[in-house]
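Biologist: Could we go through this structure together? I would like to hear how each label is earned.

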Amino acid sequence: MVIAPSPSIPCPSTEQVRQAIAASRDFLLSEQYPDGYWWSELESNVTITAEVVILHKIWGTAAQRPLEKAKNYLLQQQRDHGGWELYYGDGGELSTSVEAYTALRILGVPATDPALVKAKNFIVGRGGISKSRIFTKMHLALIGCYDWRGTPSIPPWVMLLPNNFFFNIYEMSSWARSSTVPLMIVCDQKPVYNIAQGLRVDELYAEGIENVQYKLPESGTIWDIFIGLDSLFKLQEQAQVVPFREQGLALAEKWILERQEVSGDWGGIIPAMLNSLLALKVLGYDLHDPYVQRGIAAIDNFAVETEDSYSIQACVSPVWDTAWVVRALAEADLGKDHPALVKAGQWLLDKQILTYGDWQIKNPQGKPGAWAFEFDNNFYPDIDDTCVVMMALQGITLPDEDRKQGAINKALQWVVTMQCKTGGWAAFDIDNDQDWLNELPYGDLKAMIDPSTADITARVIEMLGACDLTMDSRRLEQGLAYLLQEQEQDGSWFGRWGVNYLYGTSGALSALAIYDAQRFAPQIKTAIAWLLSCQNADGGWGETCESYKNKQLKGKGNSTASQTAWALIGLLDALKHLPSLEQDAKLTTAIEGGVAFLVQGQTAKGTWEEAEFTGTGFPCHFYIRYHYYRQYFPLIALARYSHLPTPAETLG
């Protein structure tokens, strides 16, 4: 097979591709930590840092942190329009800007500062504090800049609902659950902390502070019934007749303490860690209590400090990054038993979680054996990480192959039992799909549940094919049926955990091609046609985060290294496993264009640059810029391209 060069984009020579692979490989090898793992920054928006500033002020631990650098960071992130962004180039977002502005005021920047004047104009022009999200209002209420009356009540008796009741805390997603339980305690007490003498942000109320109505926003739908229920809860609070209040608070406290990792983390994410520390503060825990000390130290471990900047990551991703780097290096012909891969493989084996977590509540038949995203998160391993680690381990050779295979087999059994009734797989739980929870006044991020998704399901199926594993045929057929029914009419798949249809379509293509390309040839060809239809003129692919709000933007955006790599990975897997595609000139030309984009865009250091956010936390509300996405995904794409039976080559 010979792939013809594009008439408009010169196709790179075999030697150019080899040099790009070698440079990328050398860069990643230089980045490995002594213990064997890889780990790069997980960048999100400034609210995480702003909220941690408030936390340290509340606990009286601000003086021991470089918060002057945090002030620099917040000012550096402000854009010319005066606001702060959810993701690169979004034009600014209201709640993010309110929190950044407030943190700067707390850190001593006066309201008359030109940067804050510009910020105030941006915020007021978009409706001000009253139009911001619930979590923003809660943080403002903590410091007396908003009234708790305008936030939802979370009755503690929810903790007493049995696990077999139609609703209980385990019907919430793992991230919502680990953040909500501590908030039950905080919202019960409704504390106000005077962290900065006389601090007010009244200037951010577009209607004027004297006209503010502290109430929950109405949707004009049947779900406004929850606002009526909230009013009832508030009446009970005022009359001090909240049912089972003391028992619920005691259970919430116990739940929080039981789920703190030895490292101090809660849930592996800052919102859960921050809220848990706030709950302990409300409960009267001393600063020097071991639970508090470990919790604060865990937040410090999420910090990124430079010479003039200090920020906090929402989460850390060492297991995820390590598994993908291992896959990339192994595919780039490093050698399956290379010392760097052996050390990484052994580190991954040591990170396998052999204890039970929250998942066992809805999956009592499952046995431990999964992996989590972070250094320490024993209660919340996830299907995506577990499958990627399994594929990474399968691709390398370790001194103790029996141990490796035993770990893979144990993980497979866990993954199998985590299948949802839809036939698909979710991230952390099974059948966590009560969509009405997203209509709660408290759920304005629309992320209260963790339903099965195409991208996670595709990862499971890809894992089976890549590792030459299988499961009960009935379960497998249900999984395949779910994935196929999720394909949209134009051939694409939605991407829940990456931006967006490029991510979802690439993953589904790889899964179907690697598992059984001949059987799924019609779906594969439709997906290929969609990917080719949205390739950019520069040969790359890109998709804006706005595609989550506007489907007309699916597959559209500035070309990025990570998204181009995703498209190429899907296309190359299809080409490898479906020989009939070898004669498709449009496909081969598109692949050449994508490879040329990556080769030409590589820096002298062997890296790629991209400012865009291509990772998804909560669609429409929280996005992530994984700093390694632009490194290991392009290497995988180039490596797979180089392994074509007869790679393309141009002379001169």
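Modeller: Gladly; what follows is a talk about helix packing, a small sheet, a salt bridge and some backbone angles. Please keep in mind that this is a predicted model.

Biologist: Let us begin with H10 and H11. What makes H10 roughly antiparallel to H11?

Modeller: Helix H10 (residues 270-282) and helix H11 (residues 290-300) pack at an angle of about 150 degrees, and their axes are 10 Å apart. Angles over 145 count as roughly antiparallel, so H10 is roughly antiparallel to H11. The crossing of these two helices, H10 and H11, is left-handed.

Biologist: Which residues make the contact of H10 and H11?

Modeller: H10 brings Ile270, Met273, Leu274, Leu277 and Leu280, while H11 brings Tyr291, Val292, Gly295, Ile296, Ala298 and Ile299. By class, the contact of H10 with H11 has 10 nonpolar residues, one polar and no charged.

Biologist: Now for H20 and H22. Why is H20 called roughly parallel to H22?

Modeller: The angle between helix H20 (residues 561-577) and helix H22 (residues 629-642) is about 30 degrees, with the axes 8 Å apart. Since angles under 35 degrees count as roughly parallel, H20 is roughly parallel to H22. H20 passes H22 in a left-handed crossing.

Biologist: What is the mix of residue classes in the contact of H20 with H22?

Modeller: On the H20 side the contact includes Trp566, Leu568, Ile569 and Asp573, and on the H22 side it includes Arg630, Phe633, Ile636 and Arg640. The contact of H20 with H22 divides into 12 nonpolar, one polar and three charged residues.

Biologist: H20 also packs with H18. How do you know that H18 and H20 are roughly parallel to each other?

Modeller: Helix H18 (residues 501-516) packs with H20 at an angle of about 20 degrees, with axes 8 Å apart. The cut-off for roughly parallel is under 35 degrees, and H18 and H20 are therefore roughly parallel to each other. Their crossing, that of H18 and H20, is left-handed. Among the residues that meet are Leu502, Tyr503 and Leu509 in H18, and Gln563, Trp566 and His577 in H20. The contact of H18 with H20 holds 10 nonpolar, five polar and one charged residue.

Biologist: On to the strands. What is the order of the strands in the open sheet?

Modeller: Three strands form the sheet in the order E1-E5-E4, with antiparallel pairing. Strand E1 (42-43) and strand E4 (615-618) each have a single partner strand, so they stand at the edges and one side of each is left without a neighbour in the sheet.

Biologist: How many bridges join E4 to strand E5?

Modeller: Three bridges join E4 to strand E5 (residues 622-626), and the two strands run antiparallel. At least two bridges are needed for strands to pair, so E4 and E5, with three, count as paired. Gly615 has Ile624 in E5 as its bridge partner, and Thr616 stands opposite Tyr623 in E5. E4 and E5 form a hairpin with three residues between them, and Cys620 in the turn has a positive phi of about 80 degrees.

Biologist: What makes Asp431 and Lys446 worth a look?

Modeller: Most residues other than glycine have a negative phi. Asp431, which is not a glycine, has a positive phi of about 50 degrees. Lys446 is not a glycine either and has a positive phi of about 55 degrees. Asp431 is found in the loop between helix H15 (401-417) and helix H16 (454-466), and Lys446 is found in the loop between H15 and H16 as well.

Biologist: Last one: why do Lys71 and Glu68 count as a salt bridge?

Modeller: The closest N and O atoms of Lys71 and Glu68 are 2.7 Å apart. The limit is within 4 Å, so the pair Lys71 and Glu68 qualifies. Both residues, Lys71 and Glu68, lie in helix H3 (residues 67-77), three residues apart, about one turn of the helix. By this rule the count comes to 33 salt bridges.

Key:
Residues numbered from 1 in each chain as written. Predicted model: local features only at pLDDT ≥ 70, side-chain atom pairs only at ≥ 80, totals over all residues. Heavy atoms only, no water. Axes fitted to C-alpha atoms, helices over the stretch in contact; angles between N-to-C directions. Helix = DSSP H or I, 4+ residues; strand = E, 2+ residues; numbered from the N terminus. Parallel < 35°, antiparallel > 145°, perpendicular 65-115°, else oblique. Left-handed = near helix turned anticlockwise from the far one by under 90°. Contact = heavy atoms within 4.5 Å. Nonpolar A, V, L, I, M, F, W, Y, C, P; charged D, E, K, R; others polar. Salt bridge = Lys/Arg side-chain N within 4 Å of Asp/Glu carboxyl O.
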